Amino acid sequence: MRSLTRRVYPRRADRQPRIGRVARVILPLLATGLVGGLLSGMFGVGGGIVMVPMLMWWARMDQRRASATSLVAIVPSAVVGAVGYGINGQIDYFAAALIAVGAVVGAPIGAWLLRTLPLGWLRWMFIAGLLIIALRLILVAPERGGSLELDVLPIIGLVVLGFVMGIASGMFGIGGGVIAVPVLIALFGMGDLVAKGTSLLAMIPTALSGTVANVRAGMVDVRQGLIVGIAAACASLGGVALAFLVPPQVAGVLFGILLLAVVAQLSVRAVRAQRAARASAREDAAADAPSDRG
């Protein structure tokens, strides 16, 4: 009995560090999903615009892995958010279908660019895109109640919008809603709620297409993405409810300010990463110098 007791107690003690390690992995993923899902439902975006930097900060992922993980999480979040807007009649289904056609073509191209472009370029492109979107949200107040009149040019424009949205989705791990919503409002005359609901519906096939490409390339842990996605889906309906309560002008400014904060943080990290890379390169060169002389 004594030997049996000695064997059992160490095993129980070993469980505590394991539980701690699991919590350190899962809690950042859940927190990221909750924040991303709330913003997804409220602003009609996939949530990746916030989930990618949060995964980089909290889960210690690099840009590529964070983007690919975020894209997995966007699928359940966008489904739940689209259902919320659809129940309230705030989706243009035909426009969403046209956007999705272009997006499905663009997403694999974006995923390919994600695998081939250097991380430094990818990081700065992501930061530049965030800055443009933030300024647009702050300076131009969206309207509520506008409608889209479909003609030949708008139809072509929606497909092109979807293509650009798909490339952004595959490259940056975002649903593309941060591109689609402002464009649908500013260029196509949609009301802000319809633009958000249409964006969420259109990004579902976009995120699926990009995720399939990333899974085939071995760039993503699907289980981690689903953990983030389940949390995001739970928070998404709360975000939809807020979208109907908050005035569009206030919502636009708040989201723009949030994006500017993200831009500042990512810019600092990008500069530090570049300095570290240069310092490492100098050290490698100094280490190789004696051998070259010999």
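**Figure 1. Overall composition of the predicted model.** Among contacts in the protein chain between residues at least 6 apart in sequence, 84% link residues that are at least 24 apart. The model is predicted, and its protein chain contains ten helices and zero strands, so that reading along the sequence gives the pattern α-α-α-α-α-α-α-α-α-α. Of the 294 residues in the protein chain, 47% count as buried.

**Figure 2. Close-up of helix H2, residues 48-57.** Nine of the ten residues of H2 are buried, and the helix is therefore largely enclosed by the rest of the structure. The buried residues of H2 are Gly 48, Ile 49, Val 50, Met 51, Val 52, Pro 53, Met 54, Leu 55 and Met 56, where a residue counts as buried when its relative accessible area is under 20%.

**Figure 3. Close-up of helix H3 and its two ends, residues 63-87.** At the N-terminal end, H3 is capped by Asp 62, a side-chain oxygen of which lies 3.2 Å from the backbone nitrogen of Arg 64. The 25 residues of H3 reach 35 Å from the first C-alpha to the last, which is close to the 36 Å expected at 1.5 Å a residue. Within H3, a kink of about 30° lies at Ile 74, shortly before the proline Pro 76. Just after H3, Gly 89 adopts a positive phi of about 70°.

**Figure 4. Close-up of the crossing between helix H7 and helix H8.** Two packed helices are described by the angle between their axes and by the distance between those axes. The axes of H7 (residues 177-186) and H8 (residues 192-216) come within 9 Å and cross at roughly 140°, and the crossing in which H7 passes H8 is right-handed. On the H7 side, the residues that meet H8 are Gly 177, Ala 180, Val 181, Leu 184 and Ile 185, while their partners in H8 are Asp 192, Ala 195, Lys 196, Thr 198, Ser 199 and Met 203. An α-helix has 3.6 residues a turn, so residues three or four places apart point the same way.

**Figure 5. Close-up of Pro 248 in helix H10.** Pro 248 lies in H10, which spans residues 248-293. With a relative accessible area of 11%, Pro 248 is buried, because this value falls under the 20% that sets the limit for burial. The C-alpha atoms of Pro 248 and Phe 43 are separated by 9.6 Å, although these two residues are 205 residues apart along the chain.

Methods: Residues numbered from 1 in each chain as written. Predicted model: local features only at pLDDT ≥ 70, side-chain atom pairs only at ≥ 80, totals over all residues. Heavy atoms only, no water. Helix = DSSP H or I, 4+ residues; strand = E, 2+ residues; numbered from the N terminus. Buried < 20%, exposed > 50% of the residue type's maximum accessible area, 1.4 Å probe, protein only. Expected span 1.5 Å × (residues − 1). Bend = angle between axes of the 7 residues up to and from the residue. Polar contact = N/O pair within 3.5 Å; in protein donor to acceptor, adjacent residues only side chain to side chain. Axes fitted to C-alpha atoms, helices over the stretch in contact; angles between N-to-C directions. Left-handed = near helix turned anticlockwise from the far one by under 90°. Contact = heavy atoms within 4.5 Å.
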